[in-house]
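Welcome, and thanks for taking a look with me. Here are a few notes to read alongside the model.

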Amino acid sequence: MPPMIDQAKCRVCGLCMQICPLDVFTKREEKIVVAYPEECWHCRACVIDCPAQAISMRYPLSHMMLHIDLEH
């Protein structure tokens with residue numbers, strides 16, 4: 001699952017393109033878009049560093065931690 005960009009919040013500063021270790025983002029028609037969603041490692045660098053908080057992350061089930069309380 002790729003990062004999602006809220007275009008209404010995005011300032012097109014390009015910081016996400018600079019910090020992404022896998023070059024997932026690109027600029028098209030004055031918008032930042034997720035060009036290579038399958039390459040995302042879900043490191044959250046883009047989410048953490050976006051000054052406009054315009055990026056959110058959708059995680060695949062395999063990346064989510066499931067917690068189950070067990071009775072002793």
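**Notes for a first look**

1. A good place to start is the surface. The chain exposes about 5,600 Å², and carbon and sulfur atoms supply 54% of that area. Please keep in mind as you read that this is a predicted model.

2. Next comes the overall layout. The chain holds two helices and four strands, and from the N terminus on its elements follow the order β-α-β-β-α-β. Of its 72 residues, 29% count as buried. Among contacts with a separation of 6 or more, 47% are accounted for by residues 24 or more positions apart.

3. Now pick out Ile-32, which you will find in strand E3, spanning residues 31–34. Ile-32 has a relative accessible area of 1%, so it counts as buried. Which residues is Ile-32 in contact with, once its neighbours within four places in sequence are left aside? They are Ile-5, Gln-7, Cys-10, Val-12, Gly-14, Cys-16, Met-17, Phe-25, Thr-26 and Lys-27. One of these partners, Val-12, is 20 residues away along the chain, yet its C-alpha atom and that of Ile-32 are separated by 6.0 Å.

4. The cysteines deserve a moment too. How many disulfides does a search of the whole structure find? The search finds zero. Take Cys-16: its closest cysteine sulfur belongs to Cys-10 and lies 6.3 Å away, which is too far for a bond because a disulfide needs the two sulfur atoms within 2.5 Å. Cys-50 tells a similar story, since the closest cysteine sulfur, in Cys-13, is 6.1 Å from its own and therefore too far for a bond. Both residues are worth finding on the model: Cys-16 is buried at a relative accessible area of 9%, and Cys-50 is buried at 15%.

5. Last, have a look at the charged side chains. Side chains of opposite charge can pair when their charged atoms come close. Here a search of the whole structure finds one salt bridge. Lys-27 forms it with Glu-30, and the closest N and O atoms are 3.8 Å apart. Is each partner buried, partly exposed or exposed? Lys-27 is partly exposed, with a relative accessible area of 42%, whereas Glu-30 is exposed, with a value of 60%. Lys-27 also links back to point 3, being among the residues in contact with Ile-32.

Note on methods:
Residues numbered from 1 in each chain as written. Predicted model: local features only at pLDDT ≥ 70, side-chain atom pairs only at ≥ 80, totals over all residues. Heavy atoms only, no water. Buried < 20%, exposed > 50% of the residue type's maximum accessible area, 1.4 Å probe, protein only. Contact = heavy atoms within 4.5 Å. Salt bridge = Lys/Arg side-chain N within 4 Å of Asp/Glu carboxyl O. Areas by Shrake-Rupley, 256 points an atom, 1.4 Å probe, with all protein chains shown as cover.
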